[in-house]
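Hello,

Here is the structure we talked about. Please open it first, then read my notes below.

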Amino acid sequence: MKFTSIIAIYLLFWWGCLFLVLPFRLRSSAEPEAAVPGQVESAPPRFSVWRTLLWTTIVSAVTFGLFYVNYVNGWVTADLLDLSRLHGR
């Protein structure tokens with residue numbers, strides 16, 4: 001696999017993991033923290049961008065690592081995921 005392909009696939013993993021990580025440690029404003037004036041009650045009172053980026057990078061590195069090891073070793077291939085073989089086609 002080319003290095004540019006590795007970068008492109010990792011960025012796809014990173015972007016997908018961002019949406020998985022966003023709800024981590026999500027708190028409602030019903031908790032005893034001061035809300036920002038004008039803030040909607042359902043919005044979290046505090047959001048840490050850097051913590052979210054760190055967790056996204058960690059989760060995406062692990063998932064991409066598993067993907068790459070599978071790519072190199074060929075454990076799960078496209079033939080194994082071909083569901084049309086199950087129906088005798």
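**What I found**

The protein has an accessible surface of about 7300 Å², and carbon and sulfur atoms account for 69% of that. Keep in mind that this is a predicted model.

Start with the overall make-up. The protein holds two helices and zero strands. Of its 89 residues, 12% are buried. Now take the contacts between residues at least 6 apart in sequence: 63% of them join residues at least 24 apart.

Next, the helix pair. H1 covers residues 3–21, and H2 covers residues 49–73. Their axes come within 8 Å and cross at roughly 130°. An angle between 115 and 145 degrees counts as oblique, so H1 is oblique to H2. The crossing of H1 past H2 is right-handed.

Which residues meet there? On the H1 side they are Ile-6, Ile-9, Tyr-10, Phe-13, Trp-14, Cys-17, Leu-18 and Val-21. Their partners in H2 include Leu-53, Trp-55, Val-59, Ala-61, Phe-64 and Phe-67. Thr-52, Thr-56, Ser-60 and Thr-63 are also among the H2 residues in this contact. By type, the contact of H1 with H2 has 15 nonpolar residues, five polar and no charged.

One residue to look up is Ala-61, in helix H2. Is Ala-61 buried or exposed? Neither: its relative accessibility is 39%, so Ala-61 counts as partly exposed. Buried would need a value under 20%, and exposed one over 50%. Find Tyr-10 as well. Ala-61 and Tyr-10 lie 51 residues apart along the chain, yet their C-alpha atoms are separated by 7.8 Å.

Best wishes

Key
Residues numbered from 1 in each chain as written. Predicted model: local features only at pLDDT ≥ 70, side-chain atom pairs only at ≥ 80, totals over all residues. Heavy atoms only, no water. Axes fitted to C-alpha atoms, helices over the stretch in contact; angles between N-to-C directions. Helix = DSSP H or I, 4+ residues; strand = E, 2+ residues; numbered from the N terminus. Parallel < 35°, antiparallel > 145°, perpendicular 65-115°, else oblique. Left-handed = near helix turned anticlockwise from the far one by under 90°. Contact = heavy atoms within 4.5 Å. Nonpolar A, V, L, I, M, F, W, Y, C, P; charged D, E, K, R; others polar. Buried < 20%, exposed > 50% of the residue type's maximum accessible area, 1.4 Å probe, protein only. Areas by Shrake-Rupley, 256 points an atom, 1.4 Å probe, with all protein chains shown as cover.
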